[in-house]
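New to this one? Here's a quick briefing to read alongside the sequence and the 3D view.

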Amino acid sequence: MTQRPVSASLGGATPRRSPVLTSVPTRADAQPILAIDDLTVDFATHDGLVQAVRGISLAVAAGECLGVVGESGSGKSQTFMTAMGLLARNGRATGSIRFLGRELLGLKPAALNRIRGSKMTMIFQDPLTALTPHMRIGEQIAEPLRRHLGLSDADARKRARLWLDKVRIPEAARRLVQYPHELSGGMRQRVMIAAAMACEPALLIADEPTTALDVTVQAEILDLMADLKRETRTAMVLITHDMGVIARLAERVCVMKDGRYVEEGPAEQVFAAPRTDYARTLLDAIPRLDRDDRGGRPTLDPVAPDAPVVVEGKDIKVWFPVDGGLFGRRRMLRAVDGVSFLVRAGETLGVVGESGCGKSTLSRAALNLVPASAGSVTVLGRDITHAGQAAMRAARRDLQIVFQDPLASLDPRMTVGDSIAEPLRAFRPGLTRAEREAEVRAMMGRVGLAEALINRYPHELSGGQNQRVGIARAMILRPRLVICDEAVSALDVSIRAQIIDLLIELQKAFGMAMMFISHDLAVVKEISHRVMVLYLGRVMEAASREQLYARPTHPYTRGLLSAAPIPDPAAERARVRVRLIGEPPSPLDPQSALRFLPSRRSDDPDQPVHAPQLTEVEPGHLVAEFDPV
């Protein structure tokens, strides 16, 4: 396993080179681990026959990682669900799927069960739903070991503990008796990998294994999978829409569209010189940390230094009381712990950080959707922190938010036109029905929605179309401030690029201020004038886009940037990654903000906890105190 350097202090940043991947030399007569030949998968539905997979052929060798990339609905997951024998009842598959030379299509369930979960395993996209909620972690790993390898209970538990250590889960013995809901998303994904690898399979299928993870956890999982593949010579199929993930891990790439492979080849070749327009479009749509050129797409307008201030937050704190149980004392969860910011007209402030850093809570406090425990928020010169119901209703016209999940934020019983028109009915009741419909149709045209969709319902639209509906509803009143809370994280790469371009164009047209909240630093770079980095409710660094990406100073910022993948196999695998050492502290710990400043920690409970101060290292570039490593 790769030697890991030791950090000098808790939370210190240590450089680590990404695992080097080499192509697997496959002899012409070597038997592949998995061979698929002319596979078709059809589904009988009320609307007729749906062709999900149309004549797929591929082979995966031992020790090789095959990346299968494509947008939602391309058929990439369905191909390998069929290989696992998980085809829905209304599905029909034809062709051939051979695992170690044995045909899987048509195999009896009992025979198939002896292969899957043992010699052929799968990591699913959402570990929380894939893991059994009422079974302890140790039992979920030990069960297939007893069933497939015939191990005793004691040996199975010992091996489960060993694999938790291998996937670098701290306090493995304690984790064995915990339930899935007690672990973080990254921990659950590691448990899924441990369960999939414990039987030492010949083939591991990973379906979007890092989609829901923070960037640093994603980097850890990809490094882990690369190490395990190299040690065990397991064949691996990596299914994803993230070309950066493919660049880090895959030797060969298959690009899938509408149920077919449109391009296949070595990763370096596909990334450097794609042969098809579709592959080229996917690559061009990816936000890149290593370049500023947007390839002719809309760019940000500069913001005048004297532009009017739309929203300003001063020392905002949002604390939630957490009950300590029957005999425990109540403690405070510091979701936001003293954050100040300012956004001018026509400006976008990017707010980045990992899950639990407080960025969504901050956005809701800025809109007074969550009451601030301390501090103040001023919108257009009016303090809304303690505004009454009537004052807030008047202010709401200038304040809007676009949520992460567009389908969940739209009323399923309302048509697209009614959803977009809802703010007009609330704030411009004097409009006639015809005038309201004209406004809706005009806004649909602005956001790229066909007018023919006006009477459709959300479930009849794609994810990208629903997000455009959410944006149209937010923009219909021409608000002065729009907050986008992970508004593009659930979208395919090409749709995501379209939504980013749309937001930039709308900002130019309306001159609105935006707060763009995301964990994706490449996306934030494309759309933000200034960037603020949050960690456990506090600002670690705040600067202009140019300053932050060219000269990151705080170790947390440098760790985030180095963990974000670059869609270039050669550059990605040669990068030196800054690794953050140690488990993140609990936000319930008053001294959690001192992870990067351990020299100021104190064991004296009567001594006030030091709050790291922001220092201006250059004009407009603020950095929180930290101990040099």
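Is Asp627 buried or exposed? Asp627 is buried, because its relative accessible area is 19%, and buried here means under 20%, with exposed over 50% and partly exposed in between (1.4 Å probe, protein chains only).

Before going further, some ground rules. This is a predicted model, in which local features need pLDDT of at least 70 and side-chain atom pairs count only at pLDDT 80 or more, while totals for chains, interfaces and linings use all residues. Residues are numbered from 1 along each chain as its sequence is written, and side-chain values use heavy atoms, leaving out hydrogens and water.

**The big picture**

- The protein's secondary structure adds up to 22 helices and 24 strands; these are DSSP runs numbered from the N terminus, with helices being H or I of at least four residues and strands being E of at least two.
- The radius of gyration is 26 Å, which agrees with the value near 25 Å for a compact globule of 629 residues. That radius is taken over C-alpha atoms, and the globule rule is 2.2 Å times the number of residues to the power 0.38.
- Along its principal axes, the C-alpha trace spans about 75 × 70 × 50 Å.
- Of the 629 residues, 53% count as buried.
- Take the contacts (heavy atoms within 4.5 Å) with a separation of 6 or more: residues 24 or more positions apart account for 70% of them.

**Surface and charge**

- About 27300 Å² of the protein is exposed, and carbon and sulfur atoms supply 51% of that. Accessible areas come from the Shrake-Rupley method with a 1.4 Å probe, and for residues only the protein chains shown count as cover.
- There are 80 positive and 74 negative charges, and their mean positions are 3 Å apart. Lys and Arg count as positive, Asp and Glu as negative, with His and the chain ends not counted; each charge is placed at NZ of Lys, CZ of Arg, CG of Asp or CD of Glu.

**Helix 1 and what follows**

- Helix 1 runs over residues 76-83, and its buried residues are Lys76, Thr79, Phe80, Thr82 and Ala83.
- Looking down the axis of helix 1, those buried residues fall within an arc of 150°, so they line one face of the helix. The arc is that of the directions from the helix axis to the C-beta atoms.
- As background, an α-helix has 3.6 residues a turn, so residues three or four places apart point the same way.
- Just past helix 1 comes Gly85, with a positive phi of about 75°.

**Positive phi without glycine**

- Glu486 has a phi near 50°, a positive value in a residue that isn't glycine. You'll find Glu486 in the loop between strand 18 (481-485) and helix 18 (493-510), and it counts as buried because its relative accessibility is 8%.
- Leu536 isn't a glycine either, yet its phi is positive at about 50°. Leu536 sits in the loop between strand 20 (530-535) and strand 21 (538-544), and its 13% relative accessibility is why it counts as buried.

**Loops worth a look**

- Gln31 is in the loop between strand 1 (13-17) and strand 2 (34-45), and at 51% relative accessibility it counts as exposed. Setting aside neighbours within four places in sequence, Gln31 is in contact with Leu100 and Gly101. The C-alpha atoms of Gln31 and Gly101 are 7.3 Å apart, although 70 residues separate the two along the chain.
- Leu105 belongs to the loop between strand 6 (102-103) and helix 2 (109-113); with a relative accessible area of 24%, Leu105 is partly exposed. Not counting residues up to four places away in sequence, Leu105 touches several residues, including Leu39 and Thr82. Leu105 and Arg397 lie 58 Å apart, C-alpha to C-alpha, with their positions 292 residues apart in sequence.
- Asp242 falls in the loop between strand 9 (235-240) and helix 9 (243-249), and its 28% relative accessibility makes it partly exposed. Asp242 and Val69 are 173 residues apart in sequence and 7.4 Å apart in space, C-alpha to C-alpha.

**Back to Asp627**

- Asp627 lies in the segment after strand 24 (621-624). Not counting residues up to four places away in sequence, Asp627 touches Phe596, Leu597, Pro598 and Ser599.
- From Asp627 to Arg600, the C-alpha distance is 9.2 Å, and the two are 27 residues apart in sequence.
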